[in-house]
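Here are a few short exercises for reading a protein structure. Try each task yourself before you look at the solution.

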Amino acid sequence: MLANTKKYLVAGVGIAIVIAIAASFTSYLGQFEQLQQQDSGTTIYHDEVAVGKGSPLLGMETARVTIIEMGDYQCEMCKRWYDNTRPKIIENFVNTGKASLVFLDLPILGPDSKLAAEATYCAEDQGRFWDYHGMLYDFQGHMNSGWANIDRLNSFAFNLDLDMEKFNECMSSDKYEMRVKYNAQKAKSVGNSTPTFLLINTSGDQERIVGAQPYPVFERVIESLL
Amino acid sequence: MNHCCKLYSLKLVFSNFSYVLISGLIALGLFIPLSLVSEHLFLEPYIVFSLYPETVFSFSLILVLSILAGVVVSMNVFRVKLIKNTKKMGGSLIGTIIGASAGACSCGPIGVSVITSFGTAGSIASSFLTNYEIPLRLLSIGILILVLLTTMKSLSVECKINQ
């Protein structure tokens with residue numbers, strides 16, 4: 001009798017666990033599908049990579065070439081590119097209306113990478129995505145050393161004069177957790193290392209650049225796509 | 001043991017062109033992959049070599065490490081052939097492996113593969129190798145210098161005995 005009760009109890013707990021896993025997985029897929037539907041309506045790029053849930057566009061919408069950067073805020077090579085190559089691209093191609101830039105999260109280097117990516121979207125809610133993005137690279141520390149933990153992310157927001165109540169609420173609710181996961185999945189379809197760049201022109205011609213390559217490489221590729 | 005004898009052992013090994021060739025091939029075989037993973041050298045879309053002020057030191061370490069590994073390994077090959085003793089070969093391999101793995105696990109495909117394959121442990125290993133890239137490379141250079149000096153010393157002793 002006791003053995004039978006024990007069996008039923010074990011079976012019941014097992015079924016409950018399976019149902020709980022299935023429910024959470026269904027909810028996860030539901031949220032993911034929702035993002036995909038929203039994205040297919042907003043993305044302006046062809047099927048190669050959907051960036052509608054990535055960063056806001058830096059530059060003019062009419063730019064002939066779009067540079068999509070797949071990056072991680074903890075990646076030192078991304079910082080190397082940010083410090084050395086990006087300023088010249090901004091000056092010569094983005095500011096002149098020839099190219100625009102989009103950042104797509106590929107947070108592969110640890111939990112702080114995901115948190116930092118979520119924080120940029122919380123800053124975007126207040127119209128400061130690119131400022132926050134820049135601050136993360138300017139103050140990048142050693143990988144997974146705590147430089148991008150929640151306290152530091154809050155202090156970056158504070159230094160940018162963001163509304164801290166809104167920012168904290170956004171971060172504590174994990175509002176953008178799914179968006180970051182979604183972007184990571186899209187970015188992985190292009191490359192599995194950071195930084196990876198996909199340069200696409202309005203005719204659909206494209207070129208992929210892997211790594212923190214120097215400005216002359218980007219200059220040559222952009223010129224060929226213009 | 002004076003410096004003259006130690007230098008004699010260097011001259012002894014590298015007077016034979018095949019050891020110069022082995023040394024050069026090992027150095028190049030290490031320098032190219034290390035430059036690739038450290039993103040100093042790119043093969044696509046164009047073959048480009050890039051060096052920024054903040055990466056000069058790291059690049060110099062790669063260069064020193066590659067040359068030292070070439071010299072030390074070829075000297076040990078000479079030594080193994082001479083006295084059939086592989087004892088010191090291990091030290092040079094350890095030094096080379098430490099130097100080669102330092103910094104190789106950053107954001108590139110190797111780092112991502114390590115993290116994907118080994119999860120949290122991979123992430124910790126990758127962070128360690130990336131964050132301590134410079135000290136690890138210095139350590140490996142130290143090991144290689146030590147192995148080089150002991151090899152030079154033992155070669156000069158063994159040569160004297162043989163003579």
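Keep in mind as you work that this is a predicted model.

**Exercise 1. A helix and its surroundings**

Task: Find which residues of α4(A) are buried, and name the elements that these buried residues pack against.

Solution:
- Start with the helix itself. Helix α4 of chain A runs over residues 111-124, and its 14 residues reach 20 Å from the first C-alpha to the last, close to the 20 Å expected at 1.5 Å a residue.
- Next, look at how covered the helix is. Buried means under 20% relative accessible area, and 10 of the 14 residues of α4(A) are buried.
- Now list them: Asp112(A), Ser113(A), Ala116(A), Ala117(A), Glu118(A), Ala119(A), Thr120(A), Tyr121(A), Cys122(A) and Ala123(A).
- Finally, see what they pack against: strand β2 (99-105) and the helices α5 (129-138), α6 (150-159), α7 (164-172) and α8 (177-188) of chain A.

**Exercise 2. Bonded or not bonded?**

Task: Work out which cysteines a disulfide joins, and why Cys78(A) has no such bond to Cys75(A).

Solution:
- The cut-off comes first: two cysteine sulfur atoms must be within 2.5 Å.
- Cys122(A) and Cys170(A) are joined by a disulfide, with an S to S distance of 1.9 Å. Over all chains, the count is one disulfide.
- Locate the two partners. Cys122(A) sits in helix α4 and Cys170(A) in helix α7 of chain A, so the pair ties together parts that are 48 residues apart in sequence.
- Both of these cysteines, Cys122(A) and Cys170(A), are buried.
- Check the handedness: the torsion about their S-S bond is about -80°, so the disulfide is left-handed.
- Turn to Cys78(A). The closest cysteine sulfur belongs to Cys75(A), but at 3.0 Å it is too far for a bond. Cys78(A) is buried too, with a relative accessible area of 0%.

**Exercise 3. Two helices that meet**

Task: Describe how α2(A) and α3(A) cross, and which residues make the contact.

Solution:
- The axes of helix α2 (residues 76-84) and helix α3 (residues 86-94) of chain A come within 4 Å and cross at roughly 40°. That angle makes α2(A) oblique to α3(A).
- On the α2(A) side, the contact involves Trp81(A), Tyr82(A), Asp83(A) and Asn84(A); on the α3(A) side, Arg86(A), Pro87(A), Lys88(A) and Ile89(A).
- Sorted by class, the contact has four nonpolar, one polar and three charged residues.

**Exercise 4. A glycine in a loop**

Task: Decide whether Gly127(A) is buried or exposed.

Solution:
- Gly127(A) lies in the loop between α4 and α5 of chain A.
- Its relative accessible area is 64%, so Gly127(A) is exposed.

Definitions and conventions. Residues numbered from 1 in each chain as written. Chains lettered and ligands numbered in written order. Predicted model: local features only at pLDDT ≥ 70, side-chain atom pairs only at ≥ 80, totals over all residues. Heavy atoms only, no water. Helix = DSSP H or I, 4+ residues; strand = E, 2+ residues; numbered from the N terminus. Expected span 1.5 Å × (residues − 1). Buried < 20%, exposed > 50% of the residue type's maximum accessible area, 1.4 Å probe, protein only. Contact = heavy atoms within 4.5 Å. Axes fitted to C-alpha atoms, helices over the stretch in contact; angles between N-to-C directions. Parallel < 35°, antiparallel > 145°, perpendicular 65-115°, else oblique. Nonpolar A, V, L, I, M, F, W, Y, C, P; charged D, E, K, R; others polar.
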